[in-house]
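Trainee: Could we go through this structure together, one question at a time, with the reasoning spelled out for a first-year student?

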2 protein chains.
Amino acid sequence: MRKYARVSATIAHLLRKRSLQFPRLLSSSPILDHPSSSSSSSSSSSSMSSSSTHPVSLGTINEKVLKCEYAVRGEIVTLAQRLQEELLAKPGSHPFDEILYCNIGNPQSLGQQPITFFREVLALCDHPAILDRSETQGLFSTDAIKRAWEILDQIPGRATGAYSHSQGIKGLRDTIAAGIEARDGYPADPNDIFLTDGASPAVHIMMQLLIRSEGDGILCPIPQYPLYSASIALNGGTLVPYYLDESAGWGLETSELKKQLEAAKSKGINVRALVVINPGNPTGQVLAEDNQRQIVEFCKQEGLVLLADEVYQENIYVPDKKFHSFKKISRSMGYGNEDITLISFQSVSKGYYGECGKRGGYMEVTGFSPEIREQIYKVASVNLCSNISGQILASLVMSPPKVGDESFDSYSAEKDGILSSLARRAKALEDALNNLEGVECNKTEGAMYLFPRIYLPVKAVKAAEAANTSPDTFYCRRLLNATGIVVVPGSGFGQVPGTWHFRCTILPQEDKIPDIVSRLTEFHKQFMEEFRD
Amino acid sequence: MRKYARVSATIAHLLRKRSLQFPRLLSSSPILDHPSSSSSSSSSSSSMSSSSTHPVSLGTINEKVLKCEYAVRGEIVTLAQRLQEELLAKPGSHPFDEILYCNIGNPQSLGQQPITFFREVLALCDHPAILDRSETQGLFSTDAIKRAWEILDQIPGRATGAYSHSQGIKGLRDTIAAGIEARDGYPADPNDIFLTDGASPAVHIMMQLLIRSEGDGILCPIPQYPLYSASIALNGGTLVPYYLDESAGWGLETSELKKQLEAAKSKGINVRALVVINPGNPTGQVLAEDNQRQIVEFCKQEGLVLLADEVYQENIYVPDKKFHSFKKISRSMGYGNEDITLISFQSVSKGYYGECGKRGGYMEVTGFSPEIREQIYKVASVNLCSNISGQILASLVMSPPKVGDESFDSYSAEKDGILSSLARRAKALEDALNNLEGVECNKTEGAMYLFPRIYLPVKAVKAAEAANTSPDTFYCRRLLNATGIVVVPGSGFGQVPGTWHFRCTILPQEDKIPDIVSRLTEFHKQFMEEFRD
């Protein structure tokens, strides 16, 4: 059962001030509150003594920028960076030796190693002059050399330093489309692929296309990955929330979709699209096939564009769940381009590859008319193209080494090692969290996160109020100051008001997990002692 | 003398329909006309028979997207791609063997080779596992290996696959700041540097920050690089044009700036910033120091943000001109952060490096309050970070090999070879153009382009009208169909109405220049014969 907690005047006040930093958000929903971001900004503006005559002040910039928030790089992370500098300048100045960044899905920053084959190919494409040299045979695997040649031959003039077609190099899109076909068992068209610098710019392009004004709404899960709220805010639209059911493992009910859609319509909001994140971020759930079919049917019936965030498609940790792309699901229902408009987002930053710094990704755009495709192409072309190394890497993750290739065994060992370790880490952290007083944590079936609910004592809520912050931020800040562990308050993702959560990645290396567990446990015990009602 | 040609009813009609594809543009300026983009879009929309019930049609997408145009990848380029496919499918189907892309500053697509040292360092950073191997000594230069180690040591955990700080890796920003200091002789702060995927995203961030509505204006040169008109359109602002004086080598007069600023103010436009492109795109002029001082003074007096596009800072071909950054100029006038708000854009895509596909670049942001800097950081953080290879390359171009480094001689030879060849190509094409009947072409002092004026016969203008296109597009399309040479009509950049131009890069390899000259000359002769009044 979802808990529609009675929101006290105190908490409601806090919520208005801090908890939800969304774009325009359907505020009269019974379970969500509307931030008054402009009031807080104008107050900061008045404190700018030095810049009262400056041509650019908080009072004169684009209000959409002011309203946008991006919690995973928000205030807790800024505090963490300060603590890290203090540790460096004065070792021993804090009760911990290092900052553990569990705020963001950034595996390699925590020691995950890149897949060797991928990096070999990237290096060879960066400096093709060495491909013919004998020393190269000793340094690189045979199939990496072969693949580098194949890729170079797909690039006009073998020019890895040239702008490509604005959708990305055609040969690489062919490879990606073939990879999608192999994954789904349904055809994929290379002309439907738009290669982008990670998935984020692809999301922005779609929001930019769909949102005309505040009257346009985008259905988003709550909790959600704050890229969506940020992008909707920057484009001036309205986030129409639908709630994932925590008591049912963060399940998605179409009755909730319908309810929220109707509520939005009754307020004159033109709902244009539905965002689904599968596997879920921050919730870690993997949708059941049946559930996916209902979502497809819902979008078809209601004429909504389905924006499917599928960047965690390789991150599944439980034997009874599998990833199915929404395209596969819709095709299996007999729905083609005429029936459903569907965008799938993929990224090289996630999966077992975790190549965040390479900024590679793509969107597969299906079901639009040629005229609209042209508009999407035009917007993509204004930034000319995405980076070529990221494009190459996107093709590699969709067509890794195969049985018989020289690298296959080492590649498989690296991949399996990373994924099985992630599964163990998820389980260890989940168990540890569920062992804490007043903490409930759902299973991480997929993705890279835990999103535990914390039942905070009233005294802690009041202390947060006194500190002028939300209770979850208060908890996370205390955790950071005591342990060096960086997590993100649930309010950055959205949560049922009166409930509190935080998001914690499962990414610290395995040898660090016991220490994290004991630090977290110790902190939580003391916190509860301090604030017990 | 600028020519305020009498605009005939016919031409005015064409202009309304095709010539200027700008965002909201100050239309009552005596020398510019306002496009009616929405009317053309709604007519296309009605032709979409298949998608009348589709959730997304041209009539229901963001109008700002519809209004945005980006000519350097526009209709002529689309035609060129089709011709290229036809040539591939059926060799001999056109009166030329290959398409010569002179539409865009994309040097490596036309055969320019990358700088070896830069690529060595990138490859080593992509696959650091080989740094310790003996074979690597034989394949890579000593200083490239040394530099790769230095860069890896600047990256937390040596993780080139991790998201970085949203402004870019601090150590690389230190290197860039040091490079700026060495260039200018004035201090640069690494915290002022924001590394971006090429210069374009940086421009978008600033437009997004400054533009609140149509009431906000950005002063832009005409002709301009269409990134600016596109970005202003996408952000819903108003482009306030100021005209470069073709008869004075595309000089910039502050009297023109004042006039246009006053005209905009009188219409209630709040002008927020001034864009200057130096060296000029598409015009190729290099501003005189004195002129730059006037511009700085103007921005200071009028409280305008100075957006300085300085991506061609290494591309200067005449001995009597030198590049001076606007920051250097303003500091030399005694103006600091308190006096002037200044953004400088730089890119790895231009210069002698021409690494367009790497998508590296930065903006140096000075003169904003900490509160506004925080907002810029927030917007940057929504996309997490720019790609790390691009970040590394941006640091390399700002600190290339020095005297005494193993690579210095080969690096210098490569650099000088490229720049001196570009100078020769610019001169050869400029001379050829000036030899054509009814064509006047200014000197390319810098950047990568020629922007000749073509005096078209009335008969050609009428033929264009009959073909439902602008006269310059008509000319460029004919040129492409006859020769395979791709250039961009002046209307994509903006031009004094009734005058016609095209932009042609100086980038085809030197051995192709004679052929281009003879094809162009032959075509132009026949064109003039056909349409002579």
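Mentor: Let us start with one aromatic side chain in this predicted model. B:Phe118 has a relative accessible area of 0%, so B:Phe118 is buried.

Trainee: Which residue forms an aromatic pair with B:Phe118, and is that residue buried or exposed?

Mentor: The ring that pairs with B:Phe118 belongs to B:Phe117, with 6.3 Å from centre to centre and 65° between the planes, which makes the pair edge-to-face. For B:Phe117 the relative accessibility is 3%, and because the limit for this class is under 20%, B:Phe117 counts as buried.

Trainee: How are the rings of A:Tyr312 and A:Tyr449 arranged?

Mentor: A pair of aromatic rings is described by the distance of the centres and the angle of the planes. Here the centres of A:Tyr312 and A:Tyr449 lie 5.7 Å apart and the planes stand at 85°, and because an angle over 60 degrees falls in that class, the pair is edge-to-face.

Trainee: How many residues apart in sequence are the parts that this pair ties together?

Mentor: A:Tyr312 sits in the loop between strand E7 (305-309) and helix H13 (326-332) of chain A, whereas A:Tyr449 belongs to strand E11 (residues 449-450) of chain A. The pair therefore ties together parts whose separation in sequence is 137 residues.

Trainee: Which helix gives the most to the side of chain A that touches chain B?

Mentor: The contact takes 91 residues from chain A and 91 residues from chain B, and 47 residue pairs are in polar contact between the two chains. Several helices of chain A give two or more residues to that side, including H5 (116-126) and H14 (370-382). The most, 8 residues, comes from H14(A).

Note on methods. Residues are numbered from 1 along each chain as its sequence is written. Chains are lettered from A and ligands numbered from 1 in the order in which they are written. This is a predicted model: local features need pLDDT of at least 70, side-chain atom pairs count only at pLDDT 80 or more; totals for chains, interfaces and linings use all residues. Side-chain values use heavy atoms; hydrogens and water are left out. Contact means heavy atoms within 4.5 Å. A polar contact is a pair of N or O atoms within 3.5 Å; within protein, one must be able to donate a hydrogen and the other to accept it, and residues adjacent in sequence count only if both atoms are side-chain atoms. Helices (H or I, at least four residues) and strands (E, at least two) are DSSP runs, numbered from the N terminus. Rings of Phe, Tyr and Trp (its six-membered ring) pair if their centres lie within 6.5 Å; planes under 30 degrees apart count as stacked, over 60 as edge-to-face and the rest as tilted. Buried means under 20% relative accessible area, exposed over 50%, partly exposed in between (1.4 Å probe, protein chains only).
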